[in-house]
Amino acid sequence: MKRKQFRISEINKKTIEQLNSIIEDFDIPEIDLIEIHNGRNIVKEYSTKQKEIQEKLNIRKVIGSDAHTFLEIGRNYIIMEKPNQNTLLKNIENGEFITKKCLKIAHFITKFAKGIKLIRSGDINGLFGIIKKKCSRKK
């Protein structure tokens, strides 16, 4: 059975309110881990909300680095005993979580690199779409 992936950082506040009402009656025994921190979360509220959901659902927590640039590698990780097939979940649960704030410059680098790639491939419409999306957010 394919599981749907769900990223808190990609949803808006209205969706979070809807999710909170669903969580009250939610029983999801097939989920082993829930991400409580993503290294690319620009807004601290996202990690806070992810932690609240994890606590409500009482699911083991995990963090993700989500490194897209060399600047982000090694900033968010879990220190744990070397796992095997039987101990992975327990080792994550007992691990030490190292988290750092998102480097906003990393998002700029990612967008810049994507823009260069679109220019090189001749996808001017794709480049225009990125610029239009960025400009519409600032209003």
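A crossover is right-handed if, with the strands pointing away from the viewer, the path from the first strand over the helix to the second runs clockwise. This predicted model holds one such arrangement: strand S1, helix H2 and strand S2 form a right-handed β-α-β unit.

**Overall layout**

The protein has five helices and four strands. Along the sequence they follow the pattern α-β-α-β-β-α-β-α-α. Of the 139 residues, 26% are buried.

**The β-α-β unit**

S1 covers residues 33-38, and S2 covers residues 60-64. The two strands pair in the parallel sense, over five bridges. Within this pairing, Ile 34 of the protein stands opposite Lys 61 in S2. Helix H2, at residues 44-57, belongs to the unit along with both strands.

**Salt bridges**

Side chains of opposite charge can pair when their charged atoms come close. The structure holds five salt bridges. Three of them are set out here.

| Pair | N to O distance | Helix and spacing |
|---|---|---|
| Glu 52 and Lys 49 | 2.9 Å | H2, three residues apart |
| Glu 55 and Lys 51 | 3.3 Å | H2, four residues apart |
| Lys 90 and Glu 93 | 3.9 Å | H3, three residues apart |

Start with helix H2. Glu 52 and Lys 49 both lie there, about one turn of the helix apart. How exposed is each partner? Glu 52 is partly exposed, with a relative accessible area of 33%. Lys 49 counts as buried, because its relative accessibility is 15% and the buried class means under 20%.

Glu 55 and Lys 51 are also in H2, separated by about one helical turn because they are four residues apart. Lys 51 has a relative accessible area of 25%, so this residue is partly exposed.

Helix H3 spans residues 88-94. Lys 90 and Glu 93 are three residues apart in H3, and therefore about one helical turn separates them. Lys 90 is partly exposed at 44% relative accessibility. Glu 93 is partly exposed too, with a relative accessible area of 37%. These two residues also belong to a wider group: Arg 60, Lys 90 and Glu 93 are linked in a network of salt bridges.

**A nonpolar surface patch**

Which residues make the nonpolar surface patch? Phe 70, Leu 71, Ile 73, Ile 105, Phe 108 and Phe 112 do, and the patch measures about 690 Å². Phe 70 sits in the loop between S2 and strand S3, where S3 is residues 77-79. Why does Phe 70 count as exposed? Its relative accessibility is 66%, and exposed means over 50%.

**Cysteines**

How many disulfides does the structure hold? The number is zero. Two cysteines show contrasting settings. Cys 102 counts as buried, because its relative accessibility is 15%. Cys 135 has 47% relative accessibility, so this residue counts as partly exposed. The partly exposed class lies between the 20% and 50% cut-offs.

**In brief**

The parallel pair S1 and S2 is joined by five bridges. Helix H2 completes the right-handed unit with these strands. H2 also carries the Glu 52 and Lys 49 salt bridge, as well as the one between Glu 55 and Lys 51. Arg 60 joins Lys 90 and Glu 93 in a salt-bridge network. The nonpolar patch, with Phe 70 among its members, covers about 690 Å².

Key. Residues are numbered from 1 along each chain as its sequence is written. This is a predicted model: local features need pLDDT of at least 70, side-chain atom pairs count only at pLDDT 80 or more; totals for chains, interfaces and linings use all residues. Side-chain values use heavy atoms; hydrogens and water are left out. Two strands pair if DSSP finds at least two bridges between them. A disulfide is a pair of cysteine sulfur atoms within 2.5 Å. Buried means under 20% relative accessible area, exposed over 50%, partly exposed in between (1.4 Å probe, protein chains only). Patches are made of residues with over 30% relative accessible area and no salt bridge: like charges are joined within 9 Å, nonpolar side chains (Val, Leu, Ile, Met, Phe, Trp, Tyr) within 5 Å. Accessible areas come from the Shrake-Rupley method with a 1.4 Å probe; for residues, only the protein chains shown count as cover. A salt bridge is a side-chain nitrogen of Lys or Arg within 4 Å of a carboxyl oxygen of Asp or Glu.
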